Amino acid sequence: MNEQRYIQRVQWMALLGLAILFLLISATWIVEGTGREWRKAQREFERVLSDRQDTLAVEFDLEFERGIFQVDLPRLNRVDRCISCHHGLEDPRTEDAPQPHRIHPGTFLEDHPVRQYGCTICHGGQGRALTRIDAHGQAPETHWPQPLLERPYIQASCGKCHLAVFAAYSGYSGLEGMEVFQRGRYLFSREGCLGCHKARGVGGIIGPDLTEQGEKTKHEYSFQNVRGEQTVSNWLMEHFRDPEMVSPGSQMLSIELEEPDLEALATLVMGLSKPDIPFEYFTITTLNEFKGIRELMQGEAGYAYLCSACHGKEGEGKSYEVYETGIPALGNRDFIRVASTDLIRFTLEKGRSQRQMASWDCKISGVLDEELDSITRYLEESGFLSDRESDDRTGEILRYGPGNSQAGMELFDRYCQVCHGTDGKGGVAVALNQPGFLDRASDVFILQTVITGRDNTAMPGWGHMETGELAGLLSLFDTWAGFASADGQRVEQGKFDLPEPDIRQGGLQYHFLCSRCHGEFGEGDTGPAVINEDLLKAASGRFLYETIAEGRIHTAMFGWSTDVYGQEQLDIQGISNIIGFMREMAAAPLTYIYPGSNPGDAVKGAEIFSARCAECHGEQGEGPLAPALNNQEFLSAASNGYLLATISLGREGTAMPSWGYGAVAYPALSGKERQDLVARIRSWQRIAIKF
């Protein structure tokens, strides 16, 4: 080959290569300079401004900052370039303009300026990106962990700084535009999510801790059993509808809510987070919650937060026939009538082992003692009558005047004789129709006892009776007593003052003289429970003095001033000492809930239990179809009086029948048989758990 021609060919090829390279560089420059998406957006923005100038016939500056607009936010660990395309974000001239040129809605930017917060802290997305697909991060191929949030879920971002989990019942309103988020926060509390989940150190331990749930990315969720798009919001929605399907093995029950409410709840859960940002970005309420300072969950709010998911919003419980493990109804009137304050409070704190009822002890749940006290009061008052209402009813009945004693007798036969015996002569409960009682007990004492009952005894409250019915019972007692005052009320006559008691001496006297019948702690043994707050609140000093001094006819209670001689005989000072000791002990916190008297036969009770109770409660009280009775927490909380009252009354509206009154399908058991059942149940107790 001619060497000269070869050189020329190489030169032409090199020149051609240079020309191609020049064209490529030129094309790249043109594309980079004019074809980039953000540049197109800026040219479109300029046209939008120009069109608005023509439409409004107003001269204004069309110049704006061109190029890549970058907001560096090292304190928020992000760099945002979103305004490179969203130039009209803060420009009032772009109202009603098409996206991405429209002004930001609302007044959010007044409190959240872009140069201090950026965009992705609220909206999500990839802040460094300069194309729509990459910036939104929603395409499957991008694998961006925090894609752009769509409405209404964008409000979840408000939770980073503004979520106060424990303010749902306090009127906390937050910022404009948080309506869905706030609705979700209310639903979170109303649906009792903290009953199973912890958030910010408070709640149950059955489900996972939700404190940082909102920081999870979609790659941390399994979408194997999820219908629809693979987003965090859709996963949560499907999980709420059918937890077992989405998360096999989940113990969570489905949440029966309308679609907007499910969206609101999902928004709230997506907002549960503890972002690594400076503390000054948080609201004071939110910052305090992270520090462990929060609003208290008391009364109705406390019940809603912690109990409603299992026990129902109205305390209706869950049927043992419908659910694999039923849940008792706390709002059941018969339960509240017989359940003592101590039983409810003990159960809240200790829970029930091997059952779904977890312990709400502060060390485990973060729930404070005063919150448990308040929830206990709410359960008592919402289901029945508070002490204040008891006083109100007493005055109302006394103002009613004399009742119908014959109607009172019919009521007594229907409801009271099952324990107090025919004509009130005594049975499994004390005799009422005897002079040692009726000539000392005032109508106020009788009414308060009947209305509120006696905690930790077999005496339930009867405050649901009508005013006329209770007045009739009083008239019946007057008939038994053989007298009535002019206005139809028996009252204590004259002023009666006891000397100042010596509490220490009273304790010694009680121990040596009284405990042999009434129990070492006044819980009752062969005699009734006398160190009982309900009794001592209703009983006057005169009533207690005369009962101790003179005793009760036809009972084992003799008079310590009239029937005893020698050193054991008590004068008024000695009796005052004992009464003072009893009142002080009744007001003191309990160490244990003492079972009280138990005269039944456990062997005979086992036969009755097997025949009548085992079908639901299990042969050994394990409770497959009804509450477990062979449970140490239950037996440490339930006195023998509670057990006897429950067996006698049953639970209206549930499968638990009344074994005291009987029915067509269930025979009435005698008082002795019911006591035998109590003895059988008590025989399962192996330990006594300290209060």
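Before I start: buried here means under 20% relative accessible area. I will lean on that cut-off throughout. What you see above is a predicted model, so please take everything I say as a description of that model.

I'll begin with helix H31, residues 640-649. Ten of its ten residues are buried, so the helix is largely enclosed by the rest of the structure. For the record, the buried residues run as Asn640, Gly641, Tyr642, Leu643, Leu644, Ala645, Thr646, Ile647, Ser648 and Leu649. An α-helix has 3.6 residues a turn, so residues three or four places apart point the same way. In H31, then, burial takes in ten of ten residues.

What covers the buried residues of H31? The cover includes helix H15 (333-338), helix H16 (341-350) and helix H20 (405-420). Helix H30 (632-637) and helix H32 (671-682) also belong to that cover. Directly after H31 comes Gly650, with a positive phi of about 75 degrees.

Stay with Tyr642 for a moment. Setting aside neighbours within four places in sequence, Tyr642 is in contact with Phe335, Val338, Ala339, Leu343, Thr457, Phe634 and Arg651. Tyr642 is also one of the residues with the most contacts inside the largest nonpolar core, along with Phe188, Leu306 and Phe445. That core has 125 residues. Another core lies apart from it, with 17 residues, among them Cys82, Tyr117, Cys119 and Leu287.

Phe445 takes us to the next helix, H22, residues 443-452. H22 is mostly covered, with eight of its ten residues buried. Those are Asp443, Phe445, Ile446, Leu447, Gln448, Thr449, Val450 and Ile451. Just after H22, Gly453 has a positive phi of about 75 degrees.

A little further on is Asp455, in the loop between H22 and helix H23 (467-481). Is Asp455 buried or partly exposed? Its relative accessible area is 22%, so Asp455 counts as partly exposed. Neighbours within four places aside, Asp455 is in contact with Ala339, Ser340, Thr341, Asn532 and Asp534. Ala339 appears in the contacts of Tyr642 and in those of Asp455. Asp455 and Tyr400 are 55 residues apart in sequence, and their C-alpha atoms are 27 Å apart.

Now the whole chain. The secondary structure comes to 32 helices and four strands. The radius of gyration is 38 Å, well over the 26 Å that the globule rule gives for 691 residues, so the chain is more spread out than a compact globule. Along the principal axes, the C-alpha trace spans about 150 × 60 × 50 Å.

How much of the chain is buried? Of the 691 residues, 47% are buried. The exposed surface is about 35,400 Å², and carbon and sulfur atoms supply 53% of that area. Taking contacts between residues at least 6 apart in sequence, 63% join residues at least 24 apart. On charge, there are 65 positive and 96 negative charges, and their mean positions are 5 Å apart.

Next, some backbone details in the loops. Which residues are joined by cis peptide bonds? One such bond runs from Gln99 to Pro100, with omega near 10 degrees. Pro100 sits in the loop between strand S2 (78-80) and helix H3 (108-111). Another cis peptide bond joins Arg151 and Pro152, with omega about -5 degrees. Pro152 is in the loop between helix H6 (132-136) and helix H7 (159-162).

The loop between S2 and H3 also holds Asp96. Phi of Asp96 is near 70 degrees, a positive value in a residue other than glycine. At 67% relative accessibility, Asp96 counts as exposed. Gln354 is another non-glycine residue with positive phi, near 60 degrees. Gln354 lies in the loop between H16 and helix H17 (362-365), and at 80% relative accessibility Gln354 counts as exposed.

One last residue, Met245. It lies in helix H10, residues 243-246. With 46% relative accessibility, Met245 counts as partly exposed. Met245 and Asn225 are 20 residues apart along the chain, and their C-alpha atoms are separated by 6.5 Å.

To close, back to H31: ten of its ten residues are buried, and Tyr642, within H31, is among the residues with the most contacts inside the largest nonpolar core. I'll take questions.

Definitions and conventions. Residues numbered from 1 in each chain as written. Predicted model: local features only at pLDDT ≥ 70, side-chain atom pairs only at ≥ 80, totals over all residues. Heavy atoms only, no water. Helix = DSSP H or I, 4+ residues; strand = E, 2+ residues; numbered from the N terminus. Rg over C-alpha atoms; globule rule 2.2 N^0.38 Å. Buried < 20%, exposed > 50% of the residue type's maximum accessible area, 1.4 Å probe, protein only. Contact = heavy atoms within 4.5 Å. Areas by Shrake-Rupley, 256 points an atom, 1.4 Å probe, with all protein chains shown as cover. Lys, Arg positive; Asp, Glu negative; His and termini not counted. Charge placed at Lys NZ, Arg CZ, Asp CG, Glu CD. Core = buried A, V, L, I, M, F, W, Y, C linked by side-chain atoms within 4.5 Å.
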